[in-house]
Amino acid sequence: MFRTLAKATAAIAVVCTAAGAGLALDEGRAGAATPTAGAATRTASSAGAAFTGSDFTGARKIRVDGHSVNVSCAGRAHRGRPLVMLMAGGGEGLDNMAALQKSLSRTNRVCSYDRLGEGASDQPAAGTLQTMDDTGALLTGVLDRLAGDRPVVLAGHSLGGYIAARYAPGHTDRVKGLVLLDATIPHLTRDMNRTIPADATGVPAQVRDGAIAANEGQNPEQFVIADGPVRSAGHIPVEILKHESQYAEVPEYGPALEKMWADGQREWQRISARSSLTTAKGSGHYIHTDRPDLALKAVQKVATRAAHQH
């Protein structure tokens, strides 16, 4: 039952410390495809915190607002092309998107980073909760170091997609495109309470309670995943990919959960007048692993559009 709960909670809540074993299984599946990228991350500490450049291949530790942040970059910068920043889901390090980074690096400059509490980056301060302002400030610091004045496309999975979508509207001077890979929905706490009733028992109740606890900050990043309306980022190109099927682990509420998630993905479309929503056929929550072809195509499409409008 624990493994079943872990998989379901990871998919619904995106982050759950109690579901660590299930998350690790999914991380291993994605990371195994590119062992060289994983090796680069493991050797990041040898590069030291004194790294100051932005043109490198592999992993480095950089200092952002007094924190040590693990980053990884690949590919060449091309005139007029944006930097693609990959943002992994909650409970996962940057290795989780290493295969996508490798594929993208053939035609793009692409980077990824571990948020505080994830991967090889510092832990957030004990006993404190991080808000969107905190994680947004960290992302700004990372982009300052890795992108400079160049335009940026954010491509986020799950919680990484949620953070990217919340960040973009306030940073349209820099963020010129978005790719959301089954991003955590904008009103997850509200919608979870509506979908799985208070009198539910067993695994459904555990899934609901685990999701809500994670949203309140009981996750590795100590990050509050707050409900809120979708703000507009103007007319930037946005590609939204949602899973096809994910909730077989909670059959009693599966159809309702699928509807909840689909409705949330449609909410994200409000972020731009140039947004497109696609169902990734044959995919579960980890679209970049189950359908890497679709994830790659979506990022390349947005990066090309962002380059043309810059």
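Which residues are linked with Arg190 in a network of salt bridges? They are Asp191 and Glu267, and they get their own close-up below. Keep in mind that this is a predicted model.

**Figure 1. The whole chain, before zooming in.** Here you can look for eleven helices and eight strands. The chain has 310 residues, and 57% of them count as buried. Of the contacts with a separation of 6 or more, 77% are between residues 24 or more positions apart. About 12200 Å² of surface is accessible, and carbon and sulfur atoms make up 52% of that.

**Figure 2. Arg190 and Glu267 join two helices.** Nine salt bridges turn up in this structure, and one of them pairs the side chains of Arg190 and Glu267, at 3.9 Å from N to O. Arg190 sits in helix α7 (residues 188-195) and Glu267 in helix α9 (residues 254-268), so the pair links distant parts of the chain, 77 residues apart. Glu267 has a relative accessible area of 10%, so it counts as buried. Arg190, at 31%, is partly exposed.

**Figure 3. A salt bridge inside α9.** Stay on helix α9 and find Asp263 and Lys259, which are four residues apart, or about one turn of the helix. Their closest N and O atoms are 2.8 Å apart, and the two form a salt bridge. Lys259 counts as exposed because its relative accessibility is 54%, over the 50% cut-off. Asp263 comes in at 28%, so it's partly exposed.

**Figure 4. Helix α11 and its buried side.** This helix covers residues 292-309, and its end C-alpha atoms are 26 Å apart, which agrees with the span expected for 18 residues at 1.5 Å each. Ala295, Ala298, Val299, Val302, Ala303, Ala306 and Ala307 are its buried residues to spot. They take up an arc of only 160° around the axis, so they sit on the same side of α11. Turned away from that buried side is a face with the exposed residues Lys297 and His308. Among the elements covering the buried residues are β3 (83-87), α4 (98-104) and β7 (237-243).

**Figure 5. Arg150 in its loop.** Look between α5 (132-146) and β5 (152-157) for the loop that holds Arg150. With a relative accessible area of 22%, Arg150 is partly exposed. Leaving aside residues up to four places away in sequence, Arg150 touches Ala77, Arg81, Pro82, Leu83 and Arg109. A polar atom of the Arg150 side chain lies 3.4 Å from the backbone oxygen of Arg81. Gly80 is 70 residues from Arg150 in sequence, yet their C-alpha atoms are 8.0 Å apart in space.

Methods. Residues are numbered from 1 along each chain as its sequence is written. This is a predicted model: local features need pLDDT of at least 70, side-chain atom pairs count only at pLDDT 80 or more; totals for chains, interfaces and linings use all residues. Side-chain values use heavy atoms; hydrogens and water are left out. Buried means under 20% relative accessible area, exposed over 50%, partly exposed in between (1.4 Å probe, protein chains only). Contact means heavy atoms within 4.5 Å. A polar contact is a pair of N or O atoms within 3.5 Å; within protein, one must be able to donate a hydrogen and the other to accept it, and residues adjacent in sequence count only if both atoms are side-chain atoms. Accessible areas come from the Shrake-Rupley method with a 1.4 Å probe; for residues, only the protein chains shown count as cover. The expected span of a helix is 1.5 Å times one less than its number of residues. The arc is that of the directions from the helix axis to the C-beta atoms. A salt bridge is a side-chain nitrogen of Lys or Arg within 4 Å of a carboxyl oxygen of Asp or Glu.
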